[in-house]
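Biologist: I'd like to learn how to read a model like this one, feature by feature. Could you walk me through it?

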Amino acid sequence: MNKTYKSEDRIQQECYMWFWNTYPEYRGLLFAVPNGGGRSALEGKILKMTGVYAGVSDMLLMVDTETHCFELKTEIGRQSDKQHAWQRKVEREGFKYYLIRTLLDFQDIVIPIMKKVGL
């Protein structure tokens, strides 16, 4: 692994903290969906029964009556079949979906969104 490699978690942390610090009045409107990670079979069953849905994007941003879905991936990361299916489902419903690989990717999308709300 080279020195510039960043994990999905690290990319997500950078994006979230940049948003937190840049748009403090919008804190809580960008949030993570804790869909991943290892869990026991019982935990997985309970989470599924309480609404966890495989393929949902890593973060959601809700501003100006719109929901924006962000899937974070490394430079070489690929979406799973379930992630692709969920992307198609939400885009069909008119929501925005973005594949993010760097903080700059995230900023390039979020800054224009926030300018629409006057920031």
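Biologist: Let me start with one residue: in which strand does His68 lie?

Modeller: Happy to help, and please keep in mind that this is a predicted model. His68 lies in strand β3.

Biologist: Is His68 buried or exposed?

Modeller: The relative accessible area is the value to look at here, and buried means under 20%. His68 has a relative accessible area of 1%, so this residue is buried.

Biologist: Which side chains make polar contacts with the side chain of His68?

Modeller: For a polar contact, look for a pair of N or O atoms within 3.5 Å. The side chain of His68 has such a contact with that of Glu66, at 3.1 Å. Another one, also of 3.1 Å, links the side chains of His68 and Tyr98.

Biologist: And which residues is His68 in contact with, leaving aside its neighbours within four places in sequence?

Modeller: That list holds Met59, Leu60, Leu61, Val63, Lys96, Tyr98 and Ile113.

Biologist: Let's step back to the sheet. In what order do the strands come, and how are they paired?

Modeller: To read a sheet, follow the strands from one edge to the other. Here four strands form an open sheet, ordered β1-β2-β3-β4, with mixed pairing. At the edges are β1 (30-32) and β4 (96-100), each of which pairs on one side only. On average, neighbouring strands of this sheet are turned by 20 degrees against each other, direction ignored.

Biologist: How many bridges join β1 to β2?

Modeller: Three bridges join them, and β1 runs antiparallel to β2, which covers residues 59-63. To see one of these pairings, find Ala32: its bridge partner in β2 is Met59.

Biologist: Which strands does helix α3 lie across?

Modeller: Helix α3 (residues 81-92) lies across β2, β3 (66-72) and β4. Relative to β4, helix α3 runs at about 145 degrees.

Biologist: Last topic, the cysteines. How many disulfides does the structure hold?

Modeller: The structure holds zero disulfides. Cys15 is in none, and the nearest cysteine sulfur, in Cys69, is 15 Å away.

Biologist: Why is there no bond for Cys69?

Modeller: A disulfide needs two cysteine sulfur atoms within 2.5 Å. The closest cysteine sulfur to that of Cys69 is in Cys15, and because these atoms are 15 Å apart, they are too far for a bond.

Biologist: Are these two cysteines buried or exposed?

Modeller: Cys15 is buried, with a relative accessible area of 0%. Cys69 is buried too, at 2%.

Methods
Residues are numbered from 1 along each chain as its sequence is written. This is a predicted model: local features need pLDDT of at least 70, side-chain atom pairs count only at pLDDT 80 or more; totals for chains, interfaces and linings use all residues. Side-chain values use heavy atoms; hydrogens and water are left out. Buried means under 20% relative accessible area, exposed over 50%, partly exposed in between (1.4 Å probe, protein chains only). Two strands pair if DSSP finds at least two bridges between them. Helices (H or I, at least four residues) and strands (E, at least two) are DSSP runs, numbered from the N terminus. Axes are lines fitted to C-alpha atoms, for helices over the stretch in contact, and angles run from 0 to 180 degrees between N-to-C directions. Contact means heavy atoms within 4.5 Å. A polar contact is a pair of N or O atoms within 3.5 Å; within protein, one must be able to donate a hydrogen and the other to accept it, and residues adjacent in sequence count only if both atoms are side-chain atoms.
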